[in-house]
Amino acid sequence: CQGMNFITAMFLTFLSEEESFWLLVVVMNEEPYKLRELFGEDMAGTHEVLYIAEKLLAQFLPKLSKHLEVESIHVSMFVTQWLLTVYTSTFPFDLVARVWDSFLVEGWKVVYRVMLSLLEHASKDILDLQFEQILHYLREFPSTVNGQVIMTGSLKIALKRKHIQKHVNEWRRHASGGEERSKISTSKFKKRRASDDNSSVASSSINSSLGHERAFPKIAVLPTNFLLKAPKEIVVEDLSEQLLPIIGTKKFAVMLHNVLTPEECSELIDRAEENGFEDASIYDRRTNRAHRNCTRYVTDDINLAENWFERIAHALAGTPSEKKLMHAPWIDMRNTGKVHCAVSLNERLRMLKYKQGQFFHSHHDATFVRGAEEGERAGEMSSVSVHVYLNQKFKGGFTTFQGKGRHLDVKPKTGSILLFEHNILHEGQKVTHGKKYVVRTDIMYSTANVGFTSAASGTTLTQQL
């Protein structure tokens, strides 16, 4: 299709021919772009994109949508060229470069946002025009826009991925005669009761101020590509040698980079923000001062936990850290002759949001043991802490390991996962600018014929921080 010419030409202004070719391969075939579907023989992807554009126009600019309908102008008469070429064909380079910077990170969401911003910008003029005048106006309009103004306006439009996904589902049901052509991967976010205590902080002087029970809302349906593996190669950074002079012994600590894509991280943040965070402060009983000062969103998601566990295991396969992760040799099993085996990631995902001035002082993470109500999983225990970093555009907020008067700062990076033994003293440093988002969970371990832990030492899911 000739539409690809404009996209390729834009690539060539920044990249070599070989780099342009491979970038074209990616945007044509890979999520979250899939431009090939726009240029197939039946142009099925084009019909879907135009359907979504029509519905979003009616939702966000109803007055303009109604006027165009009265004048018998369908959205396909002017946005087809915009969307098929992702604005590369007729708009100023000032806008094109800005759109593609965002498109390569966010995917189609930014394309629809920019479309709405453009039409919002033009609506005052269009509402006073009739059929032929509108078509003439829209032919001339692209050359007149200011890229910075349009992009700034697009960020003010409250478009969410759930809006897009809703129309995707509608179109695919319609296109397949009422049957879903694609199975939408749903995150099993269940409403669970959760009460706070001091179970994940090994100090008797700290107690949560949130001892009441509460229900956590569901997160909406996630797009099909949400659980796909990250396209970048996962990089393993072993921190154990760096920790040796700090804590005096070799402990398991590994940082995995590029485990999640930026889009996946953004998706998680968006879903949690839509459902809302609640206060998760913990106070020192003796001083009544905050030991942890942040907000939190909690959910149970077995599917997502399994997916992340597979990514972690795959990344460490064949490395010196694999055996340590899979068997946790630091757990004392001398009197039993048994070996622990990593079996899963704890499905209780706790997303913490730290704003400017918020922190989590020094602490050890406590072991979580599944109770009898967990059936066959009873007795499974946690031993490795998991921090999933969802963003990095903030200042401060390092995860800091401490010991012997020294420390090691770990800088959060978008899509990275930090794994370390529960018994390493650490803190979340104060965020000095921006917001920090991190998901906290655990690696769970089991042994053959493991006995159920007594109530005195075990904890339940609803007791976890």
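**Exercise 1. State what covers the buried residues of helix α8, and determine how those residues are placed around the helix axis.**

*Solution.*
Step 1. The cover over the buried residues of α8 includes α4 (62–70), α5 (76–84) and α7 (108–126), where contact means heavy atoms within 4.5 Å. Helices (H or I, at least four residues) and strands (E, at least two) are DSSP runs, numbered from the N terminus. This is a predicted model, in which local features need pLDDT of at least 70, side-chain atom pairs count only at pLDDT 80 or more, and totals for chains, interfaces and linings use all residues. Residues are numbered from 1 along each chain as its sequence is written, and side-chain values use heavy atoms, with hydrogens and water left out.

Step 2. Helix α8 spans residues 131–140, and its buried residues are I134, L135, Y137 and L138. Buried means under 20% relative accessible area, exposed over 50%, and partly exposed in between (1.4 Å probe, protein chains only).

Step 3. These buried residues lie on the same side of α8 because they cover an arc of only 160 degrees around the axis. The arc is that of the directions from the helix axis to the C-beta atoms.

Step 4. E132 and R139, on the other side of α8, are exposed.

**Exercise 2. Explain why strand β15 is described as largely enclosed, and identify strands joined to β15 by bridges.**

*Solution.*
Step 1. Strand β15 comprises residues 417–421; five of the five are buried, so β15 is largely enclosed by the rest of the structure.

Step 2. Strand β3 (residues 253–257) runs antiparallel to β15 and is joined to it by four bridges. Two strands pair if DSSP finds at least two bridges between them. Within this pairing, V254 stands opposite L419.

Step 3. Strand β11 (residues 381–389) is also antiparallel to β15, with five bridges joining them. Here V388 is opposite I417 of β15.

**Exercise 3. Describe the burial of strand β18 and its pairing with β8, β9 and β11.**

*Solution.*
Step 1. Strand β18 covers residues 436–446, and 11 of its 11 residues are buried, leaving the strand mostly covered.

Step 2. With β8 (residues 341–345), β18 forms an antiparallel pairing over four bridges; S344 stands opposite M444 of β18.

Step 3. With β9 (residues 348–354), the antiparallel pairing extends over five bridges. R350 faces R440 of β18 as its opposite residue.

Step 4. With β11, the pairing is antiparallel over eight bridges, and V386 has T441 of β18 as its bridge partner. Strand β11 is thus joined to β18 and also to β15.
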